[in-house]
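Please open the model in your viewer and keep the selection panel at hand, as this tour proceeds from one selection to the next.

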Amino acid sequence: MKKIMLVNISIIILSLFLVAGSAFGLSEVYKNNIYDPGMLKPKDSVLNVKVGERVPDFSLPSVQGGNVTLGQFHGKKNVVLSFIPAAWTPVCSDQWPGYNIAQPIFDKFDAILLGISADNIPTLFAWTNQMGDLWFPVLSDFWPHGALASKLGILRSNGTTERATFIIDKQGIIRYIDVHDINERPPLEDIVRELQKLK
Amino acid sequence: MYQIIESNPDTKGKVKLIGIGAGNSPFEVNYFSETYKIPFPLFDDKHYEIHEMVGMVRTPYFFVVKINKDGTHKLTYTQLGGFKTPEEFLDLILKESGLR
């Protein structure tokens with residue numbers, strides 16, 4: 001941290017803000033609507049896929065209406081799948097808003113972000129409404145419950161998904177997998193670093 | 001508010017703004033700063049050390065610290081949440097700090 005010389009300064013205004021994410025759903029926007037499940041087992045699943053493999057195609061309902069299919073991006077966009085465990089919980093509630101201001105990064109690398117959880121559509125709708133307008137599709141893996149998460153090997157024993165990121169290239173091949181400690185938010189630079197490799 | 005502070009000879013050089021990104025990495029804070037062209041210093045608090053020190057507050061949260069002539073300091077005002085206009089907020093904190 002830089003040292004600041006205090007000579008001649010009468011008052012300092014410190015502003016605590018968040019760009020993207022915390023363990024607490026810190027934004028005042030959420031007020032008392034965040035359910036804190038406490039510290040969880042960092043990982044609770046066994047991955048079924050590997051870097052270099054093709055992702056099984058999927059079609060999931062979108063909060064924005066209709067379905068989104070992985071295949072629709074084939075040959076056009078790199079795809080970043082951001083799985084979060086549960087709506088209205090800490091970390092998750094700051095993670096996606098953070099990606100919201102990072103749209104130029106995704107555009108720069110010809111990438112689309114798909115936010116996915118095993119919550120149902122009405123829950124995701126109410127929760128993401130608090131975030132303002134999201135530029136990326138939000139998809140529900142609710143029914144059959146966690147089917148996509150299960151195929152990928154990131155469905156936890158309590159029916160939520162891991163906090164996992166997959167980066168899939170335009171040919172549908174997995175280029176990066178991060179099954180992150182569920183209690184922590186993956187930093188934005190991890191996605192940037194991996195997208196840069198696709199250029 | 002930064003522009004107001006810097007354009008007023010009564011506050012320029014006397015009032016400083018610092019931003020702290022609770023839980024944010026240096027990359028994220030830098031990205032935010034460049035995206036929104038923030039003219040004042042921003043600091044990362046990736047491991048919530050500062051956030052914990054100040055009581056794990058919600059955000060945005062403002063602390064106004066008055067620096068006394070003898071180098072001691074005093075917390076003169078705190079606020080959770082944003083403000084209506086920068087002019088009103090600056091006026092309020094200057095009054096609370098005894099500078100207006």
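Begin in chain A of this predicted model, where five strands form an open sheet of mixed pairing, in the order 6-5-4-7-8. Select strand 6 (138–140) and strand 8 (174–180) of chain A, which stand at the edges; each has a single partner strand, so one side of each is left without a neighbour in the sheet. If you look along the sheet from one strand to the next, you will find that neighbouring strands are turned against each other by 20° on average, with direction ignored.

Within the sheet, select next strand 4 (residues 78–83) and strand 7 (residues 163–168) of chain A, which pair in the antiparallel sense over five bridges. For one of the residue pairs, display A:Leu81, whose bridge partner in strand 7 of chain A is A:Phe166.

Now bring both chains into view and turn to where they meet: 40 residues of chain B are in contact with 27 residues of chain A. On the side of chain B that touches chain A, the elements to select are strand 1 (15–22), helix 2 (26–35) and strand 3 (61–67) of chain B, each of which gives two or more residues. Strand 1 of chain B contributes the largest share of that side, eight residues. Colouring the residues of this side of chain B by character would divide them into 24 nonpolar, eleven polar and five charged.

Stay with strand 3 of chain B and add strand 1 (residues 11–17) of chain A to the selection: the two strands run antiparallel, and six bridges join them across the chains. Here A:Ile11 stands opposite B:Lys66, a residue of strand 3 of chain B.

The last stop is helix 4 (residues 86–96) of chain B. Which residues of helix 4 of chain B are buried? They are B:Leu90, B:Ile93 and B:Leu94, and because they cover an arc of only 100° around the axis, they lie on the same side of helix 4 of chain B. Show their surroundings, and you will see that the buried residues of this helix pack against strand 1 of chain A, together with helix 1 (2–7), strand 3 and strand 4 (73–80) of chain B. Rotate the view to the face of helix 4 of chain B turned away from its buried side, and select the exposed residues B:Glu88 and B:Lys95, which that face carries. Finally, follow the backbone past the helix to B:Gly98, which comes after helix 4 of chain B and has a positive phi, near 75°.

How values were computed. Residues numbered from 1 in each chain as written. Chains lettered and ligands numbered in written order. Predicted model: local features only at pLDDT ≥ 70, side-chain atom pairs only at ≥ 80, totals over all residues. Contact = placed C-beta atoms within 7 Å. Helix = DSSP H or I, 4+ residues; strand = E, 2+ residues; numbered from the N terminus. Nonpolar A, V, L, I, M, F, W, Y, C, P; charged D, E, K, R; others polar. Pairing = 2+ DSSP bridges. Buried ≥ 20, exposed ≤ 12 C-beta atoms within 10 Å, placed from the backbone. Arc of directions from axis to C-beta. Axes fitted to C-alpha atoms, helices over the stretch in contact; angles between N-to-C directions.
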